[in-house]
Amino acid sequence: MTTTLAPAAAPTGRGPWQLARAELRRRTSVKISFAVVALFVVMAAAAPLLSRLGGWSPEEFDKTAVDPYLGGQPLGTLGGISADHWLGVEPVTGRDLFARIVHGAQVSLLIAFAATAIVVVAGTAAGIAAGYFGGRTDAVLSRLMDLTMSFPSLIFMIAMMSVAKDVNRIALMTAVIGLFGWPGIARVVRGQTLSLKHREYVDAARVNGSGSWRILTRDILPGVAGPVIAYTTLIIPGMIATEAALSYLGVGVRPPTPSWGQMIAESVAFYDTDPMYFVIPSACLFLTVLAFTLLGDALRDILDPRGSRS
């Protein structure tokens with residue numbers, strides 16, 4: 001008697017993006033980092049609503065929350081934390097710290113995300129063009145990358161922000177920070193493009209009569225998307241830190257617009273008498289940068305494993 005075996009079911013294929021999502025869900029550090037990032041993004045997006053919910057605007061003074069006989073120190077424990085002021089108040093002014101923290105998150109993340117968008121778009125376009133077209137295009141763009149990367153960017157940022165007076169500070173900071181960030185991602189994309197442009201499917205598209213624009217958008221760009229996404233997540237914390245550093249030095253966002261770096265700079269004078277004024281914005285900045293860094297490291301390990309080993 002012959003036994004007929006039923007054909008085995010074909011395993012369901014899983015693409016690289018499905019595998020990446022599964023790997024990200026498996027890592028506890030990624031889940032925690034994503035939760036922290038989501039918390040601060042929601043906080044920034046809902047800053048006006050949250051400040052109204054707390055009952056105070058970021059520029060509103062509350063003189064009853066500070067002691068004028070003790071140099072304007074907050075009344076109560078832990079920097080004046082109470083049912084009226086959820087994270088306490090600023091010394092001297094009595095401004096609500098919760099309202100300034102959420103609006104500071106809005107400013108910091110807006111500048112970081114906008115500058116990152118400029119960096120990613122400019123860097124990806126330059127990297128793909130340099131890697132795909134080669135020749136004179138590659139030479140010109142590569143020398144421009146080298147020139148930009150060798151420029152003392154922090155000194156230039158400080159100088160530009162110092163001399164600019166009656167301008168939109170947020171827009172200027174976004175443009176200046178984005179101006180010096182694109183060569184890093186351009187180098188990554190250029191290397192990826194050089195390895196992709198001679199693949200069989202790219203040669204087949206070229207033989208079939210596809211133009212350069214179609215090949216770049218349909219074949220090359222999807223191939224570099226993984227490293228670009230990983231690199232994007234990694235440069236966001238650097239953008240946040242740069243904005244905070246410029247505001248800390250007094251050349252970034254100007255009062256009364258709140259910023260985490262500005263609040264940390266102002267809190268230095270009170271770290272002995274009111275440490276919470278220093279701890280709260282510092283903790284927010286630290287947690288945001290750490291969460292984005294851990295998330296970016298995980299994405300790089302999964303989406304660009306060769307780059308993470310280099």
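**Salt bridges around Glu90, and one in H9**

Arg100 is buried, and Glu90 is buried too. Keep in mind that this is a predicted model.

**Exercise 1.** Work out which residues join Glu90 in one salt-bridge network.

*Solution.* Start with Arg95: its side chain meets that of Glu90 in a salt bridge, 2.8 Å from N to O. Next, take Arg100, which also forms a salt bridge with Glu90, with the closest N and O atoms 3.0 Å apart. Arg100 sits in helix H4 (residues 97–133) and Glu90 in the loop between strand E2 (73–74) and H4, so this pair ties together parts that are 10 residues apart in sequence. Now put the pairs together: salt bridges with shared partners link Glu90, Arg95 and Arg100 into one network.

**Exercise 2.** Decide whether Glu90 and Arg95 are buried or exposed.

*Solution.* The cut-off for buried is under 20% relative accessible area. Glu90 has 2% relative accessibility, so Glu90 counts as buried. Arg95 comes in at 10%, so Arg95 is buried as well.

**Exercise 3.** Find the salt-bridge partner of Arg206, then place the pair in its helix.

*Solution.* Look at Asp203: its side chain meets that of Arg206 in a salt bridge, at 2.8 Å from N to O. Both belong to helix H9 (residues 200–207), and because they are 3 residues apart there, about one helical turn separates them. Then check accessibility: Arg206, at 36%, counts as partly exposed, and Asp203, at 29%, counts as partly exposed too.

**Exercise 4.** Say how many salt bridges there are by the 4 Å rule.

*Solution.* The count comes to 6. Among them are Glu90 with Arg95 and Arg206 with Asp203.

Notes
Residues are numbered from 1 along each chain as its sequence is written. This is a predicted model: local features need pLDDT of at least 70, side-chain atom pairs count only at pLDDT 80 or more; totals for chains, interfaces and linings use all residues. Side-chain values use heavy atoms; hydrogens and water are left out. Buried means under 20% relative accessible area, exposed over 50%, partly exposed in between (1.4 Å probe, protein chains only). Helices (H or I, at least four residues) and strands (E, at least two) are DSSP runs, numbered from the N terminus.
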